[in-house]
Each structure stands twice: as structure tokens, then as C-alpha cells.
Amino acid sequence: MPLDVTYWTAEIDALLTMLDPYWPYMAAAISIGLAVTVTVHVAQNKRDARAAAAWTGLVWLVPVLGALLYYILGVNRIRRRARQLTGGLIDSNDGWRVAAEPEPDLKHLKILSRLVGRLTHLPLTDGNRITLLDAPGAYQAMLDAIDNANESIYLATYIFGNDAAGKPLADALSSAVARGVKVRVLVDGVGALYSLPSVIWRLRRGKVPVERFLYSLAPWRMPYLNLRNHRKFMVVDRRYGFTGGMNIRAGYIQQPPKITDLHAGIEGPVVGQLLRSFAADWYFTSGELLDTSYRGPAWLGGVQSRGISAGPDADFDKRRMTLLAAIGSAESRIRIVTPYFVPDLTLLATLQLALLKGVRVQIVVPRKNNLRLVHWASLHALRWLVAEGAELYLSPPPFDHSKVMTVDQHWVMLGSGNWDARSLRLNFEFDLECYGEALAEQIDEALDERIALSQRLDQAGFRQMAPWRRVRNALAHMMEPYL
């Protein structure tokens with residue numbers, strides 16, 4: 001049989017000529033086959049009927065391309081991959097529980113605590129001390145903790161800037177490595193690219209063990225592009241912790257600051273749950289198992305607390321379910337501060353039910369947002385809540401990146417999660433739920449100060465909004481499942 005190129009070129013041309021009359025039928029068969037396959041997969045795997053309908057419509061109206069987009073963005077592979085890599089570590093609670101779990105003082109919050117405990121498979125811990133920190137204070141406290149560390153430093157963040165904030169922190173971590181401290185740094189694969197050149201190279205030059213979460217330029221890794229690790233916490237010497245909404249960026253510490261945020265210093269048994277969450281993420285990324293045993297005292301303060309890890313893996317929907325339960329538990333007041341408020345219909349309906357029950361709902365969002373599309377969609381959702389009686393406040397600059405919620409002056413949730421589809425469905429998030437009147441009072445006092453400086457937007461304000469702006473907001477809100 002001839003092997004020369006001319007022979008095979010002629011053979012291929014002849015085959016193509018023979019198939020030429022049939023290619024429209026072949027293309028139609030392939031398109032219909034892909035559409036049917038995707039429709040069956042969507043019907044079996046999508047719990048959200050709106051998302052299922054949207055993907056089904058896309059794959060039938062945009063043949064082949066719609067199926068390709070579903071393969072890249074619509075299929076949740078991370079749960080299977082997490083279990084393959086960790087051998088079930090992410091799913092387990094590693095057997096650590098206290099002998100007798102505490103209960104909140106308020107009777108109606110005891111039910112909430114039990115519910116979140118069953119949801120997360122983690123105990124509510126007592127004896128914690130939570131210190132609220134603004135962004136500059138949190139940054140300095142983290143630097144000091146790194147400088148004083150003598151055993152280990154575990155740091156996870158979404159953005160680690162190679163700037164006036166990131167460089168000193170990277171150098172401090174390098175110094176800790178030089179004096180024998182076990183340092184592990186996990187930066188999100190996309191967040192690491194927010195400043196170029198990336199701080200990753202600076203950390204590696206300083207011999208700091210660092211990994212990027214789901215980072216790859218390989219095309220076959222594209223299905224993971226939409227799944228980001230948005231968690232932000234640090235554990236030092238397995239006894240001191242920090243968590244909240246703050247990234248490592250110069251905008252927080254410059255004068256005047258461009259961004260403000262709420263972070264918290266944590267001491268007490270709940271630090272063990274931060275350790276567990278970091279260890280699972282680190283093992284997922286690097287394959288190295290870390291010691292998750294808490295080394296601090298059993299009692300340091302009067303705050304009852306629990307960590308809530310959420311993400312599109314074994315922890316899917318835990319944060320959203322916690323928010324629904326907390327709203328449903330409220331009897332007097334709910335306060336929400338977030339930069340991105342685009343909740344789904346279920347969360348909106350639950351907030352509306354709370355308002356109808358007589359619960360006072362106050363929501364604080366930035367007056368000027370760094371993501372315009374999200375801001376417009378947010379205003380459309382908030383319009384309906386304001387019509388039901390919610391109080392909406394637009395906070396002035398600097399841009400408030402805080403993520404905190406309080407219920408009945410006793411329950412607090414703070415951390416990395418926003419009120420949007422990305423945080424609720426796609427991102428890996430970490431939040432801290434706390435029960436304690438003194439801590440809630442501290443946060444409420446800070447919110448009172450923020451609200452005093454804010455502009456209230458009521459029903460009259462929405463009616464005075466230009467019609468084209470209302471249409472713009474409504475169109476932006478149609479993108480809610482993708483924001």
C-alpha cells in the first residue's frame with residue numbers, strides 16, 4: 001500500500017467528495033445528539049429548575065457551542081475530583097467533637113445552632129475570643145503574628161497582591177521560613193493574577209511553600225476555571241486565627257484607603273475548625289497532609305462559635321442553607337452588610353417572610369460599587385425588599401468590602417461569602433457563625449456608625465429613579481444566576 005502524502009491526500013479528497021451531499025444531515029445528527037445528551041444530563045443533575053431551563057434552551061438554540069459551554073461551565077466535576085484526591089478527607093469531620101456541645105442563651109437560636117451543627121457536621125465550640133479588626137488593624141495584626149510565630153503559619157487568601165501590602169507580608173513569611181517555622185500559603189489560581197508579576201514568584205524566591213488553587217493554563221483544565229477559592233484565613237502556631245473578608249491588597253492600607261473591610265482575630269477551640277478547612281484545601285491542592293490538632297487553651301472568652309466551609313464539593317449549599325435558617329429564626333432584627341447583594345428567589349422570599357412576620361431588616365451596600373453589573377442587579381432585587389418594608393442604606397466611600405450579618409442582637413456571621421450566585425454556588429467560602437451578645441453589640445455599634453453616614457434609599461427614591469435606569473437594573477438582574 002502506498003505511503004506517500006499524495007496518495008493519502010487524494011484518498012481523503014475522494015472521501016470528502018463522497019460525503020459532501022450528506023454533511024448537513026451529519027451536522028444535524030451531531031447537534032441533536034449533543035442537545036439530547038446535555039438535556040438528559042441537566043435534567044438529572046441540576047436541582048435549580050431555572051438553571052436547568054436556561055442550559056436546556058441554550059443547547060437547543062445554539063447547537064454545538066451551547067453544549068461546549070455547558071461542558072466547560074455547567075458541569076460540576078469538583079466534587080468527584082475532590083474525593084479522588086483526598087480519599088474522602090473533605091467529606092469527613094475527622095472524628096473531632098467536644099464531649100458536650102454548648103447551647104446559645106436565646107431559646108429560638110438553640111434550634112438554629114442544632115440545625116447548623118447537623119448541616120456542617122461540626123460542633124459549636126465555647127470559650128472563644130473574637131476580636132473585631134478593620135482592614136489596617138487586621139493587616140498589622142497578621143504581620144505581628146507572623147513575626148512572632150514559632151511553630152507554623154497556614155495562610156489562605158483569594159488575592160495576594162504583589163504591592164505595598166503583599167510584599168512586606170511575603171518577606172515576613174520568608175523570614176519565618178528562615179527561622180524554622182512551617183509555612184504553607186494557598187492562593188487562588190485566578191486571584192494570584194490580580195497583580196503582575198504575581199507575588200507567587202516572590203514567595204518562591206523566599207523559599208515559602210506556596211500553591212495555587214485550581215491553577216492551570218492547560219485547555220483540558222478549563223472546566224475548573226469558574227470554581228474559585230474565595231476563603232481568607234490564617235492560622236498561626238495552631239492556636240491563633242484570622243478570618244473575614246479582607247484580601248491582601250494595597251488599597252486597604254493606603255491613605256486614604258480605597259477599600260474598607262471587616263476581619264476578626266480568633267482565639268479558642270474554633271481555631272481547630274479553621275485548621276481543618278485549610279488542611280482539606282491544602283491536601284486537595286498539594287497532596288500533603290497537615291496536623292489539624294488545636295494547640296491553644298480550651299477557654300479564652302465567652303463567644304460560642306463554629307466554622308462554616310462552603311463550596312461546590314461535599315460542602316455544597318451549606319452556607320445558603322445556614323442563611324435561610326438564620327433568617328427564618330429571626331424574631332426582632334436582621335442586619336446585612338455586603339458589597340454584592342444579588343440573592344436568589346428563595347433567599348429573597350425568606351427575607352420577605354421575615355418582614356411580613358414583623359422582623360426589622362436593614363441592608364447596607366456600597367453607594368458606588370466596583371462591579372457595575374452586580375450593583376445594577378442588586379438595586380433591582382433590593383427594590384422589591386424595600387417595597388415590603390426593608391431599610392436600604394447606601395454607604396459612602398471607601399468601598400465597603402465587609403461581609404457580615406447579625407440576627408436579634410445575638411447571632412453573628414462574618415467571613416468571605418457574599419450574597420450572590422458565585423459565592424452561594426461556585427466559590428469555596430469560609431464563614432464564622434458566632435453566638436454572643438457582647439460581640440453582636442460591638443458589630444451593631446459599628447453598623448450604627450456606618451448607617452449614620454449612609455444615604456437611605458426608600459420607595460420614593462426608587463420611584464424617582466430614571467425609567468431607563470430601572471430598565472437597566474432589571475436587565476442586569478436577569479443575569480442573576482451568572483453574577
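**Warm-up: Arg238 and its partner**

Arg238 is buried, with a relative accessible area of 9%; buried here means under 20% relative accessible area, exposed over 50%, and partly exposed in between (1.4 Å probe, protein chains only). Keep in mind that this is a predicted model, where local features need pLDDT of at least 70, side-chain atom pairs count only at pLDDT 80 or more, and totals for chains, interfaces and linings use all residues. Residues are numbered from 1 along each chain as its sequence is written, and side-chain values use heavy atoms, leaving out hydrogens and water.

**Exercise 1.** Find the residue whose side chain meets Arg238 in a salt bridge, and work out which parts the pair ties together.

*Step 1.* Look for a side-chain nitrogen of Lys or Arg within 4 Å of a carboxyl oxygen of Asp or Glu, which is what counts as a salt bridge.
*Step 2.* Asp291 fits the bill, at 2.9 Å, N to O.
*Step 3.* Arg238 sits in the loop between S5 and strand S6 (240–244), and Asp291 in the loop between H10 and strand S9 (303–310), so the pair ties together parts 53 residues apart in sequence. Helices (H or I, at least four residues) and strands (E, at least two) are DSSP runs, numbered from the N terminus.
*Step 4.* As for cover, Asp291 is partly exposed at 39% relative accessibility.

**Exercise 2.** Take the salt bridge between Arg231 and Asp281: are these two buried or exposed?

*Step 1.* Check the distance: 2.6 Å, N to O.
*Step 2.* Place the partners: Arg231 is in the loop between strand S4 (210–213) and strand S5 (233–236), while Asp281 is in helix H10 (residues 271–286), 50 residues apart.
*Step 3.* Both Arg231 and Asp281 turn out to be buried.

**Exercise 3.** Work out which helices the Arg202 and Asp171 pair ties together.

*Step 1.* Their side chains meet in a salt bridge at 3.4 Å, N to O.
*Step 2.* Arg202 belongs to helix H9 (residues 199–205) and Asp171 to helix H8 (residues 166–178), so parts 31 residues apart in sequence are tied together.
*Step 3.* Arg202 is partly exposed, with a relative accessible area of 25%, and Asp171 is partly exposed too, at 36%.

**Exercise 4.** How many salt bridges does a search of the whole structure find, and which residues are linked in a network of them?

*Step 1.* The search turns up 18 salt bridges.
*Step 2.* The network links Arg333, Arg335, Asp444 and Asp448.
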